[in-house]
Every structure is written in C-alpha cells, then in structure tokens.
Amino acid sequence: MDARGAVEAALFASARGLRVIDIANQTGLTEEAVRVALKSLTIEYEKMGSAIKIAKIDAEYALQLREEYAHYTEKFTEAEISKGVQRTAAVIAYHQPVLQSELCRTLGPRVYDDVRRLMELDLINGKPKGQTLELTTTKKFAEHYGIEGTSKDDIKKWIERMDKKQG
C-alpha cells in the first residue's frame, strides 16, 4: 500500500478534518508514516501549483481549496448559504462572542432565521446568556471557509484579508 495514496484518499473522503492518529488507525499506517505522507503531499500540491492544498487546522488535516480559486466554485455549486446568512456569519465571526439580541438590533429580526440556519450547519454555537444566546463560531466554520486556525484572531484576520481583496 502506498502511504501517500492512503492518506490522500482518507483526506479526500472525509467531510471533516482528521487527526494523524485517526488516519493511522483507519489506514493501518504508523503515525510517523502518516506525518511523512502529509508533509510529502503538502509539498507536492505546492509544487504543482494545485488549487487544492493540505490545510492544518489546529491538530487536524483536511483537503481544501486555495482562497484564490474559491470564486470559480460558485459557478458549479449551489449556494448552500445565502448572501444574507453569510453576512450574519461574518458579523458573528468578527465580533464573537456576540449576543443574538445585539445582532437583532443591528441587522434586524431576520437574524433569528440566519442564526437557526448557521446552527443547523454547525457553523456557530449558541450558549444561553440570560434571555438571549451568546454566539461564537465553531471549528467547522474555519474548515468551511478554509481558515487555517480557529482562534478569534485567526478568523478576524482572515475576514479582514477577504474584505481587502473584495474592496
């Protein structure tokens, strides 16, 4: 069995990030062999100038589309998240933690539907805080948007970079 092929197949098939130990357990490879394969694949994708990259998000690895190619996918995929819901997600991500009641005052009552949709997609968490919810992004949010980090600062920097590119 080719370790690189096995690791690449595991990343391709998974809808979420995978830890080295998870890949090792599922493929029968050693953790060291998985790490070597990940490094080799990362270098190969970079050398090829591929639109795909191996991203490390905290302790997990995933195949992701490079930011500069993301706009090409819009023509071929259905919009899973409407522009309005994406705008709400961006505000939550940028200002997190943020109270849903504050969002409603700022963006209007449609926020309640947007928040429900984002929670269904597991892109945000809502923790009860008095009569409202305190909203934060999830690890899946970072994975979905190809952000290489889950901290508030990582997400805020990514949003600012995207805003500069579009502006």
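This is a chat about the helices, sheets and loops of a predicted model.

Colleague: Before we start, what kind of model is this, and how are residues numbered?
Modeller: It's a predicted model, where local features need pLDDT of at least 70, side-chain atom pairs count only at pLDDT 80 or more, and totals for chains, interfaces and linings use all residues. Residues are numbered from 1 along each chain as its sequence is written, and side-chain values use heavy atoms, with hydrogens and water left out.

Colleague: Okay, sheets. What order do strands 1, 2 and 3 come in?
Modeller: They make an open sheet in the order 1-3-2, with antiparallel pairing. Strands here are DSSP runs of E with at least two residues, helices are runs of H or I with at least four, and both are numbered from the N terminus. Two strands pair if DSSP finds at least two bridges between them.

Colleague: Which strands sit at the edges there?
Modeller: Strand 1 (18-19) and strand 2, each pairing on one side only. Strand 1 is joined to strand 3 by two bridges, and Arg 19 stands opposite Glu 60 in strand 3.

Colleague: And what holds strands together in general?
Modeller: Strands of a sheet pair through backbone hydrogen bonds, either parallel or antiparallel.

Colleague: Which helix lies across strand 2 and strand 3?
Modeller: Helix 3 does, running at about 135 degrees to strand 2. For angles like that, axes are lines fitted to C-alpha atoms (for helices, over the stretch in contact), and the angle runs from 0 to 180 degrees between N-to-C directions.

Colleague: How does helix 2 pack on helix 3?
Modeller: Helix 2 (residues 20-27) and helix 3 (residues 31-48) pack at about 110 degrees, with their axes 9 Å apart. That makes helix 2 roughly perpendicular to helix 3. The cut-offs: under 35 degrees is roughly parallel, over 145 roughly antiparallel, 65 to 115 roughly perpendicular, and the rest oblique.

Colleague: Which residues of helix 2 and helix 3 meet?
Modeller: Val 20, Ile 21, Ile 23 and Ala 24 from helix 2 meet Glu 31, Val 34, Arg 35 and Leu 38 from helix 3. Contact means heavy atoms within 4.5 Å. By class, that contact has six nonpolar, no polar and two charged residues. Ala, Val, Leu, Ile, Met, Phe, Trp, Tyr, Cys and Pro count as nonpolar, Asp, Glu, Lys and Arg as charged, and the others, Gly among them, as polar.

Colleague: Switching topic: what about strands 4, 5 and 6?
Modeller: Those three form an open sheet in the order 4-6-5, and the pairing is antiparallel. The edges are strand 4 (98-99) and strand 5 (124-129), each paired on one side only. Strand 5 pairs with strand 6 (residues 132-137) over six bridges, with Gly 126 opposite Leu 135 in strand 6.

Colleague: Which helices lie across those strands?
Modeller: Helix 5 (residues 83-95) lies across strand 4, strand 5 and strand 6, at about 85 degrees to strand 6. Helix 7 (residues 111-120) lies across strand 5 and strand 6, at about 120 degrees to strand 5.

Colleague: How do helix 6 and helix 7 cross?
Modeller: Their axes come within 9 Å and cross at roughly 130 degrees, which makes helix 6 oblique to helix 7. Gln 100, Leu 103, Cys 104 and Leu 107 of helix 6 touch Val 111, Tyr 112 and Val 115 of helix 7. The residues there divide into six nonpolar, one polar and no charged.

Colleague: Is Gln 100 buried or exposed?
Modeller: Gln 100 counts as buried because its relative accessibility is 8%. Buried means under 20% relative accessible area, exposed over 50%, and partly exposed in between, using a 1.4 Å probe and protein chains only. Leaving aside neighbours within four places in sequence, Gln 100 is in contact with Val 111, Tyr 112, Val 115, Thr 132, Leu 133 and Leu 135.

Colleague: Now the loops. Where is the cis peptide bond?
Modeller: From Gln 96 to Pro 97, with omega near -10 degrees. Pro 97 is in the loop between helix 5 and strand 4.

Colleague: What's phi like at Asp 58 and Asp 122?
Modeller: Asp 58 has phi near 55 degrees, positive in a residue other than glycine, and is in the loop between strand 2 (52-57) and strand 3 (60-65). Asp 122 has a positive phi of about 60 degrees, again without being a glycine, and is in the loop between helix 7 and strand 5. Asp 58 is partly exposed at 45% relative accessibility, and Asp 122 is partly exposed at 38%.
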